[in-house]
Amino acid sequence: MLEQVLTDYDIKEIKPVELAAATHFVMDIVREVFPMLDPNELPPDMARFQEVYYKAKDAAFLAAFDRDGTIAATAAFLPYDDRIPEIKGMYTARPTAELVKCYVNPQLRRQGVGTAMVRQLLPLARAKGYETMYLHTHRFLPGAVGFWEAQGFELRLEPHDNWQTVHMDCRLAPDNMF
């Protein structure tokens, strides 16, 4: 199935003209998986998309487009800003990106689209000078931790907070690339 997925989707950095579609896709997924959040409040990086992703040389926002041009998945990275108190200082020794907005259309989950996105995103981050990719996910998201472990990420901290947060990372050494 993965081979079919890889040929059925065009994975590329989105263009400004595709921003509305990407924002709509992201917000639909956010409403689904995070019903406790304000459904009308754009995440800060999406609200400042041009500045954070399009004009920045150290970030990228990818989308997988199907043959009809519809977004099937998204994934992005940006410089990790050391904002999370539980891991403060953990990622200051080497250039670290934070993987964000990794969402797949619910009807396409477990079909290889997410894996294909990550396989394109990690080498792109390495090419932009990052040595580590950090992410956080949540235990209440079915299969999330297992998915990231299958992509080569390792659990670094699980603070057992109300959000069931799991902090993970992987080295972006050339020998770890797909």
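Reader: Why is Arg-94 called partly exposed?

Author: Its relative accessibility is 36%, and the word buried is kept for residues under 20% relative accessible area, exposed for those over 50%, and partly exposed for those in between, with a 1.4 Å probe and protein chains only. Since 36% falls in between, Arg-94 counts as partly exposed. The model is predicted, so local features need pLDDT of at least 70 and side-chain atom pairs count only at pLDDT 80 or more, while totals for chains, interfaces and linings use all residues. Residues are numbered from 1 along each chain as its sequence is written, and side-chain values use heavy atoms, with hydrogens and water left out.

Reader: What makes the pair Glu-131 and Arg-94 a salt bridge?

Author: A salt bridge is a side-chain nitrogen of Lys or Arg within 4 Å of a carboxyl oxygen of Asp or Glu, and for Glu-131 and Arg-94 the distance from N to O is 3.5 Å, so the pair qualifies. Glu-131, at 27% relative accessibility, is partly exposed as well. Because Glu-131 lies in the loop between α5 and β5 and Arg-94 in the loop between β3 and β4, the pair ties together parts that are 37 residues apart in sequence. The names α and β stand for helices (DSSP runs of H or I, at least four residues) and strands (runs of E, at least two), numbered from the N terminus.

Reader: How do you know that Asp-82 and Lys-88 also form a salt bridge, and which of the two is buried and which exposed?

Author: Their side chains meet at 3.8 Å, N to O, which is within the limit, so the name applies. Asp-82 has a relative accessible area of 16% and is therefore buried, whereas Lys-88 reaches 57% and therefore counts as exposed.

Reader: How many salt bridges does the structure hold, and what parts of the chain does the one between Lys-101 and Asp-45 link?

Author: The structure holds 14 salt bridges, and in one of them the side chains of Lys-101 and Asp-45 meet at 2.9 Å, N to O. This pair links distant parts of the chain, with Lys-101 in strand β4 and Asp-45 in helix α3, 56 residues apart. Lys-101 has 12% relative accessibility, and so counts as buried, and Asp-45, at 9%, is therefore buried too. Asp-81, Arg-83 and Glu-98, for their part, are linked in a network of salt bridges.

Reader: Why is Thr-96 called buried, and what does its side chain reach?

Author: Thr-96, which is in strand β4, has a relative accessible area of 7%, so it is buried. Its side chain reaches the backbone oxygen of Arg-94 at 3.0 Å. That agrees with the limit for a polar contact (a pair of N or O atoms within 3.5 Å, where within protein one must be able to donate a hydrogen and the other to accept it, and residues adjacent in sequence count only if both atoms are side-chain atoms). Contact in general means heavy atoms within 4.5 Å, and, leaving aside neighbours within four places in sequence, the residues that Thr-96 contacts include Pro-79, Tyr-91 and Tyr-130.

Reader: How do you know that Tyr-130 is buried, and where does its side chain make a polar contact?

Author: Tyr-130 is found in the loop between α5 and β5, and its 6% relative accessibility is why it counts as buried. Its side chain reaches the backbone oxygen of Asp-58 at 2.6 Å.

Reader: How do you know that the length of α5 agrees with that of a helix?

Author: The expected span is 1.5 Å times one less than the number of residues, so the 15 residues of α5 should span 21 Å, and the end C-alpha atoms are 22 Å apart, which agrees. Among the buried residues of α5 are Val-113, Leu-121, Leu-122 and Ala-125.

Reader: What makes a group of residues a nonpolar core, and which element gives the most to the largest one?

Author: A nonpolar core is a set of buried Ala, Val, Leu, Ile, Met, Phe, Trp, Tyr and Cys residues joined through side-chain atoms within 4.5 Å. Of the 30 residues in the largest such core, Phe-77, Leu-99, Leu-122, Met-133 and Phe-153 touch the most other members. Helix α5 gives the most to this core, with 7 residues. Another core, of 25 residues, lies apart from it and has Phe-25, Val-33, Tyr-53 and Ala-59 among its members.
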